[in-house]
Amino acid sequence: MHRRPLGRARRIALGASVILLVACLLPWYRAGEGIGLPPIELGAFDGAGIVVFLAALATIALVALPYASDRPVAFDRPAVYLVVLLAGLAGALVWPIDLLVTYPAGLLPDRAPGYWVAWLGLLVHARAVYELFGEPPRA
């Protein structure tokens, strides 16, 4: 097995994945508190937010994949990380569409910390992709 250093961009991508996984465990929407209705609490797994979770797992797999082989892996390219980032962004953008019509205040940061932490994780992941495109290509 070859031993190569992980690199700054891939460490940032791993950090972004951890942030995204934590965000998926936090509530993404909360409404109905204090107005006499039973509270509604939704998470990442209650809609398209599951794509964010899958993007985090895919990033971890992409970082670990080169260490599972003796030769360089074709999937270890910046474009693949970009596709994973775009999938995560799509999941985060599509997730609240239905909720914005019903009760948009449920997406405020104090009621939906997971949703906003997920955006932080996606921004960190975007930084990792930016740095990956600046790296010299791996042989």
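## Getting started

Two residues are in contact when heavy atoms of theirs lie within 4.5 Å. With that idea in hand, you can start exploring this predicted model at Trp 28. Leaving aside its neighbours within four places in sequence, Trp 28 is in contact with Ala 23, Leu 42, Gly 43, Ala 44, Gly 49, Val 52, Trp 95, Leu 107, Ala 112, Gly 114, Tyr 115 and Ala 118. Keep this residue in mind, as it comes back below.

## The chain as a whole

Let's step back for a moment. The protein chain has 5 helices and 2 strands, and from the N terminus on, its elements run α-β-β-α-α-α-α. Its C-alpha atoms fill a box of roughly 60 × 25 × 20 Å, taken along the principal axes.

Of the 139 residues in the chain, 37% are buried. The accessible surface comes to about 7,700 Å², and carbon and sulfur atoms account for 72% of that surface. If you take the contacts between residues at least 6 apart in sequence, 74% of them join residues at least 24 apart.

## The nonpolar core

Which residues touch the most other members of the largest nonpolar core? They are Trp 28, Val 52, Tyr 81 and Trp 95, out of 29 residues in that core. The elements that give two or more residues to this core are α1, β1 (29-31), α2, α3 and α5.

Some of these residues meet each other directly: Val 52 and Trp 95 are both among the contacts of Trp 28. Another contact of Trp 28 is Gly 49, which lies in the loop between β2 (40-42) and α2. Gly 49 counts as buried because its relative accessibility is 0%. Beyond its neighbours within four places in sequence, Gly 49 is in contact with Trp 28, Ala 44, Gly 91 and Trp 95. Gly 49 and Ala 118 are 69 residues apart in sequence, but their C-alpha atoms are 9.3 Å apart in space.

## Helix α2

Now try a little arithmetic. The 15 residues of α2 should span 21 Å at 1.5 Å a residue, and its end C-alpha atoms are indeed 21 Å apart. The buried residues of α2 are Val 52, Ala 55, Ala 56, Thr 59, Leu 62 and Val 63. They sit on the same side of α2, because they cover an arc of only 125° around the axis. A general rule helps here: an α-helix has 3.6 residues a turn, so residues three or four places apart point the same way. The buried residues of α2 pack against α1, α3 and α5.

Thr 59 makes a good example from this helix. Why does Thr 59 count as buried? Its relative accessibility is 1%, and the cut-off for buried is under 20%. Not counting neighbours within four places in sequence, Thr 59 is in contact with Ala 13, Ser 17, Tyr 81, Val 84 and His 125.

## Helix α3

The same check works for α3 (78-94). Its 17 residues should span 24 Å at 1.5 Å a residue, which agrees with the 24 Å between its end C-alpha atoms. In α3, the buried residues are Pro 78, Tyr 81, Val 84, Leu 85, Gly 88, Gly 91 and Ala 92. Because their arc around the axis is only 145°, these residues lie on the same side of α3.

What covers this buried side? The cover includes α1 (8-25), α2 and α5 (113-134). On the face of α3 turned away from its buried side, you will find the exposed residues Val 83 and Leu 93.

## Two more stops

Leu 65 is in the loop between α2 (50-64) and α3. Is Leu 65 buried or partly exposed? With a relative accessible area of 32%, Leu 65 is partly exposed. Apart from neighbours within four places in sequence, Leu 65 is in contact with Val 73 and Phe 75. Leu 65 and Leu 37 are 28 residues apart in sequence and 48 Å apart in space, C-alpha to C-alpha.

Finally, visit Arg 30 in strand β1. At 18% relative accessibility, Arg 30 counts as buried, since the cut-off is under 20%. The side chain of Arg 30 makes a polar contact with the side chain of Glu 41, at 3.3 Å. Setting aside residues up to four places away in sequence, Arg 30 touches Ile 40, Glu 41, Gly 106, Asp 110, Arg 111 and Pro 113.

Methods: Residues numbered from 1 in each chain as written. Predicted model: local features only at pLDDT ≥ 70, side-chain atom pairs only at ≥ 80, totals over all residues. Heavy atoms only, no water. Helix = DSSP H or I, 4+ residues; strand = E, 2+ residues; numbered from the N terminus. Buried < 20%, exposed > 50% of the residue type's maximum accessible area, 1.4 Å probe, protein only. Expected span 1.5 Å × (residues − 1). Arc of directions from axis to C-beta. Core = buried A, V, L, I, M, F, W, Y, C linked by side-chain atoms within 4.5 Å. Polar contact = N/O pair within 3.5 Å; in protein donor to acceptor, adjacent residues only side chain to side chain. Areas by Shrake-Rupley, 256 points an atom, 1.4 Å probe, with all protein chains shown as cover.
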